[in-house]
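Please study the structure shown below and work through the exercises that follow it. Each task is paired with a solution in steps.

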Amino acid sequence: MATLRLPQRLYQTLLEEARRNLPNECCGLLAGHGLEVERIFRARSALASPTAYEIRPRELFEIFRTLRAQKLELVGIYHSHPTGDNAPSARDRERAYYPDAAYLIVSPRQDAPQPVRAFFIREGGVRELPVEVVA
Ligand SMILES: [Zn+2]
């Protein structure tokens with residue numbers, strides 16, 4: 001089965017980002033090759049909201065340009081859910097414009113059973129992708 005491979009230090013970065021942006025959602029892109037994450041690109045949410053995020057098109061283009069220049073692929077898009085479950089919301093499903101990208105949702109909650117979860121969202125359908133934290 002397909003598995004997203006996330007280095008331990010980047011897993012920690014995602015948790016730190018989710019906590020640092022409280023009470024709002026954080027967001028950004030994950031780059032690498034295939035389903036191997038190699039780099040995280042933080043983005044600024046245009047919404048500054050605890051229940052939604054939005055990356056401005058200009059910032060997105062800047063990041064995509066850097067990916068091309070560094071011969072990296074878009075692996076996924078991450079954001080956090082400061083409260084509640086870290087599973088895709090109705091809004092997340094509606095606005096999943098990248099069917100080939102993994103959508104990572106991070107929970108900053110201490111009691112989250114799985115603080116980083118990944119999903120493919122295609123035509124509104126959600127499929128969870130196991131995350132393997134690697135050294
Ligand atoms: Zn969400």
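The exercises concern a predicted model and go from the whole chain to single residues.

**Exercise 1. The chain as a whole**

Task: Determine how many helices and strands the chain has, and in which pattern they follow one another.

Solution.
Step 1. The secondary structure consists of 3 helices and 8 strands.
Step 2. Along the sequence these elements follow the pattern β-α-β-β-α-β-α-β-β-β-β.
Step 3. The radius of gyration is 14 Å, close to the 14 Å that the globule rule gives for 135 residues, so the chain is as compact as a globular protein of that length.
Step 4. Roughly 35 × 35 × 30 Å is the box that the C-alpha atoms fill along the principal axes.
Step 5. Of the 135 residues, 46% count as buried.
Step 6. Of the contacts between residues at least 6 apart in sequence, 66% join residues at least 24 apart.

**Exercise 2. The two sides of helix H2**

Task: State which residues of H2 are buried, and explain why they line one face of the helix.

Solution.
Step 1. H2 covers residues 57-69, and its 13 residues reach 18 Å from the first C-alpha to the last, close to the 18 Å expected.
Step 2. Its buried residues are Leu60, Ile63, Phe64 and Leu67.
Step 3. Because these buried residues fall within an arc of 100° when seen down the axis of H2, they line one face of the helix.
Step 4. The cover over them includes strands S2 (27-33), S3 (36-43) and S4 (73-80).
Step 5. On the face turned away from the buried side are the exposed residues Arg58, Phe61 and Ala69.

**Exercise 3. A contact between S3 and its surroundings**

Task: Decide whether Ala43 is buried or exposed, and state which residues Ala43 touches.

Solution.
Step 1. Ala43 lies in strand S3.
Step 2. Its relative accessible area is 15%; buried means under 20%, so Ala43 is buried.
Step 3. Leaving aside residues up to four places away in sequence, Ala43 touches Cys27, Gly28, Ile55, Glu59 and Ile63.
Step 4. For one of these, Ile55, the C-alpha atom is separated from that of Ala43 by 6.5 Å, with their positions 12 residues apart along the chain counted as the spacing.

**Exercise 4. The zinc site**

Task: Identify the protein donors of the zinc ion and classify the site.

Solution.
Step 1. The donors are His79 (NE2), His81 (NE2) and Asp92, the last entering twice through OD atoms, at 2.0 to 2.6 Å from the zinc ion.
Step 2. The spacing of the donor residues in sequence is H-x1-H-x10-D.
Step 3. His81, in the loop between S4 and helix H3 (90-94), and Asp92, in helix H3, are 11 residues apart, a pair that links distant parts of the chain.
Step 4. Both His81 and Asp92 are buried.
Step 5. The angles among the 4 donor atoms run from 55 to 157°, and the site is irregular.

**Exercise 5. Backbone exceptions**

Task: Locate the cis peptide bond, and find where Ala48 and Lys71 lie.

Solution.
Step 1. Most residues other than glycine have a negative phi, and most peptide bonds are trans.
Step 2. The bond joining Leu22 and Pro23 is cis, with omega about 10°; Pro23 lies in the loop between helix H1 (8-20) and S2.
Step 3. Ala48 has a positive phi near 45° and sits in the loop between S3 and H2.
Step 4. Lys71 has a positive phi of about 55° and belongs to the loop between H2 and S4.
Step 5. Ala48 counts as exposed at 53% relative accessibility, as does Lys71 at 66%.

How values were computed: Residues are numbered from 1 along each chain as its sequence is written. This is a predicted model: local features need pLDDT of at least 70, side-chain atom pairs count only at pLDDT 80 or more; totals for chains, interfaces and linings use all residues. Side-chain values use heavy atoms; hydrogens and water are left out. Helices (H or I, at least four residues) and strands (E, at least two) are DSSP runs, numbered from the N terminus. The expected span of a helix is 1.5 Å times one less than its number of residues. Buried means under 20% relative accessible area, exposed over 50%, partly exposed in between (1.4 Å probe, protein chains only). The arc is that of the directions from the helix axis to the C-beta atoms. Contact means heavy atoms within 4.5 Å. Donors are N, O and S atoms within 2.8 Å of the metal (3.2 Å for Na, K and Ca); water is not among the atoms, so sites may look incomplete. Four donors count as tetrahedral if all angles lie between 85 and 135 degrees; four count as square planar and six as octahedral if opposite donors are over 155 degrees apart and all others between 65 and 115; anything else is irregular. The radius of gyration is taken over C-alpha atoms; the globule rule is 2.2 Å times the number of residues to the power 0.38.
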